[in-house]
Amino acid sequence: MSLKINTNLKNQLTANFIPRKTALSTAVAIALFAGSSHAATMPELQSEINTLQSQMNALADKMETQTRVGSESSAHSQVASKTHIGGYGELHYNNIEGKTPEVDFHRFVLFFGHDFNEKIRFFSEFELEHSIAGDGQNGEVELEQAYIEMDLTKQLKTRVGMTLVPVGILNETHEPNTFYGTERNPVEKEIIPATWWSAGASLNGITNSGLSYDLVVSEGLNTPDGFNIRKGRQKSSKAIASDLAYTGRLKYTGIPGLELAATARHESNISQSQLTDAGAATLLETHIIYSKENFTAKALYAQWDIEGNAAKSNNADKQYGYYLEPSYKISENWGVFARYNEWNTTTIDANKNTQTDFGVNYWPHKQVVFKADYQLKKVGSTEQNGINLGVGYSF
Amino acid sequence: MNNLALFLVSAKQISSKPIRALLLVGLISFSAQIHAAALSEESAAFLASHLQENPNKQYQWLTGEVKKQVTLVLDHPYYTLRVPYWQSGRDDNRKTVWILEEIGKHKPITVGIVIQNQQIKSLRILKFRESRGWEVELPTFTQQFDGIALKSPVDLNNIDLTTHIDGISGATLSVRAVTKLSKLALLLQQHIDTKQGSAKQLTPAPVKTHSLTNH
C-alpha cells in the first residue's frame, strides 16, 4: 500500500515542474516517513494516506505561492511580468490589371504595454509599413498608439495620449486574422480614414446593459486643400492644435452576436485655420455586425459634411461611402466572404467608385491566416480588377 | 522545494511521535491558511451563493492522461499542478463549483462554473482584467452556457459543446477563453465523477453543434 502511494506521488511530482533531483529527494523523504507503518492497521493506513495527501497539497501550495504575485490568479502567476508584448503583420501579393504585380510586407507591428498597477497602464503600437523606411524608400515607421489608461471607476476609464479614433469596424481592430479580404476595405480607408489616430484625452465608459460610450477631445485634421480627408491626418507629428476635434461614440454589444455603433466627429477647422477658404467638418458613421452561428453580416455607412469654399468649389463638400459584407465559416479553419463597397469623395456621380470582393480565408491556427480574394474595382471609369493573396498573424 | 524536502527528512529523523505530529499539524495548517488567503472576495461570494453547506476544498490533479486532455482543450498546459473544486449535495443533487482561469489577450480571466449532472448550471466571470472584451461579463453572454454539456461521445481532438456559443465582436479572445474554460470544467467533472463512481452517460441536448465562430 505504502509502496503504491509513494510511486504515484513520485510520478505526480516528477510530472509537474519539480526538478527531477528534488522530486526524488522528496519522494525518498516521504518514503522514509511512510516507512514507519509496516505493521499498520487499516485506520492507520488511511490516516497515513490522508497525511500524505496533505503533504502533497502543502508542497503544491508552496510552489504555487512562490510564483504568485499577490493576485489569487494562478494564470497571473505564470505571466507575472507587468510588461506585455504583442504584434501582428501581413504580407500581400497584388496582381491587378494595369499595374505591375507586386509583393509587399505591408505591415509589421509591435505592441508594447505595461501595467504600472491594477488601475494605471500604458499601451503602444509601433508600426513599420512596406518593410523599409527612410529617404527614397516606400515605407514609413509610425507610432500609431501610445497612451496612459487609468480606471476612474469599475465602469469608467480615461485615456490620455495618442489613441485610435473610435470609429468604424476596422479602425480599432485591424489584426489581419480578424477580417476578410487581403487588403482592408476601401470605404474605411478612403472615407473614415483608417487607420486614424490622434493625440488627446478621452473618457470611455461601459454599462451593465451592454451600452458603451467614448468621448474624445483631440488634435484635428490639417488638410492641404480643405477637403482631402485622408491627407489631413496629422498623426501627432508636431501636429498643429489650433482647432481641435470632438468625437463621440455609442456602441451596443449587449446581445451576443450583435454590434450596433454610431460615431459623430466634429472638426473645428480641417485646415487648422491655415486656409482662409477651409472650414469645419463633421463625420457621421454607423455600422452593424450580426453573427448567428457560422454566418456573419457587416454593414457600414459613413459620410462627411465639409464647410468652406475650398470644399464646395471642388465638389468635395459631401463625401460618403458604404459597404455590405456577408461571410460564412465553412469550418473552424475555412471561411468565405463577399463584399460590395461604394464610395465617392466628390459630389459628382461620375466619380463614384465601386469595388466588389469575394474570396476565402484559411486559418491553420486562430491567430494565423492565409487569404485569397478577387476584386472587381472601378475607380471613376477605370477598372482595376485582379487577385490579392496574403498571409497574416497576430499574437 | 529543497528546504521542504529536508524538512520532511528531518521529520522522519525525529523519533518523538508527538513532535512529529506537531510538525505535520503545522504544515497542514500552513496549507489551510494559504487556501483561505487565495480565495478572492468574488470567488468566495460565488461559492457561498451556490453551495450552502460550507464545502471542503478539493483538488483534481492535472497529471498523466488528465494533463494531456487539459492541454488539448486549452492548447497549452494549465497554469497549476492541480485545480480546486468544491462539492455539496448527493447523487443527482450534487453540485460542483470550479474556479478556473485562462488568459484572454494578456491577462487572466477568472471564471466560476457550477456543474450538476454533467451540465453547467451557472457560469460567471469573477474577475476580468483585460482592457477589451468586457462584454463577456454581461449576463446575456454567460447565460448562453446554462444547461450546456460536452457533446457526446467526447472527441478528445475536438472537444465541443452541445450548443453553439455566440461570440461578441471585438471580444473574440475573451469569448474563446471563457468557452475553453467551460469545456475544461465539464471535462474535469467527468474525471471526478468517474473517480467517485457517479459518471453518467452524457445526454446532449438536441441542438446542432457548431464550433466557435471567429469574428
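Reader: What makes strand 3 and strand 4 of chain B a pair?

Author: Nine bridges join strand 3 of chain B to strand 4 of chain B, and the two run antiparallel; since two strands pair if DSSP finds at least two bridges between them, nine bridges satisfy the criterion. Strands here are DSSP runs of E with at least two residues, and helices are runs of H or I with at least four, both numbered from the N terminus. One bridge of strand 4 of chain B can be named, with B:Pro108 as the partner of B:Ile103. This is a predicted model, in which local features need pLDDT of at least 70 and side-chain atom pairs count only at pLDDT 80 or more, while totals for chains, interfaces and linings use all residues. Residues are numbered from 1 along each chain as its sequence is written, and chains are lettered from A and ligands numbered from 1 in the order in which they are written.

Reader: How do you know which other strands pair with strand 2 of chain B?

Author: The bridge counts settle the matter by the criterion already given: five bridges join strand 1 (residues 57-61) of chain B to strand 2 (residues 82-88) of chain B, and four join strand 2 of chain B to strand 3 (residues 95-103) of chain B, both in the antiparallel sense. B:Tyr59 stands opposite B:Pro84 in strand 2 of chain B, and B:Tyr85 stands opposite B:Trp98 in strand 3 of chain B. Six residues lie between strand 2 and strand 3 in their hairpin, where B:Gly89 takes a positive phi near 85 degrees.

Reader: Why is one side of strand 1 and of strand 5 of chain B without a neighbour in the sheet?

Author: The open sheet has five strands in the order 1-2-3-4-5 (chain B), with antiparallel pairing. Strand 1 and strand 5 of chain B stand at its edges, each with a single partner strand, so one side of each has no neighbour in the sheet. Neighbouring strands are turned by 30 degrees against each other on average, direction ignored; the axes behind such angles are lines fitted to C-alpha atoms, for helices over the stretch in contact, and angles run from 0 to 180 degrees between N-to-C directions.

Reader: Which strands of chain B does helix 6 of chain B lie across, and at what angle does helix 6 run to strand 4?

Author: Helix 6 of chain B lies across strand 1, strand 2, strand 3, strand 4 and strand 5 of chain B, running at about 40 degrees to strand 4 of chain B. Its length can also be checked, because the expected span of a helix is 1.5 Å times one less than its number of residues: the 24 residues should span 34 Å, and the end C-alpha atoms are 35 Å apart, which agrees. Helix 6 of chain B is followed by B:Gly197, whose phi is positive, near 75 degrees.

Reader: What makes a group of residues a nonpolar core, and how many residues has the largest one?

Author: A nonpolar core is a set of buried Ala, Val, Leu, Ile, Met, Phe, Trp, Tyr and Cys residues joined through C-beta atoms within 7 Å, and the largest has 50 residues. Those with the most contacts inside it are B:Trp98, B:Leu100, B:Val111, B:Ile113, B:Leu181 and B:Ala185. Helix 6 of chain B gives the largest share, nine residues. Two residues are in contact if their C-beta atoms, placed from the backbone, lie within 7 Å; by that rule B:Leu100, leaving aside its neighbours within four places in sequence, touches B:Val83, B:Val111, B:Ile113, B:Leu181, B:Leu184 and B:Ala185. A second, separate core of 30 residues includes A:Ala194, A:Phe227, A:Ala310 and A:Ala311.

Reader: Is B:Glu53 called buried or exposed, and why?

Author: A residue is buried if 20 or more other C-beta atoms, placed from the backbone, lie within 10 Å of its own, exposed if 12 or fewer, and partly exposed in between. B:Glu53 has 10 such atoms and is therefore exposed; this residue is found in the loop between helix 3 and strand 1 of chain B. Buried residues make up 40% of the 215 residues in chain B, and 38% of the 395 residues of chain A.

Reader: How do you know which element of chain B has the lowest mean confidence?

Author: The guide is pLDDT, the predictor's confidence in each residue, from 0 to 100. Among the elements of chain B, helix 1 (residues 2-13) has the lowest mean, 42, and strand 5 (residues 119-127) the highest, 96. Chain B averages 78, and 74% of its residues score at least 70. Residues 22-37 of chain B stay under 50, with 14 contacts beyond four places in sequence. Where pLDDT is low, the predicted coordinates should not be read in detail.
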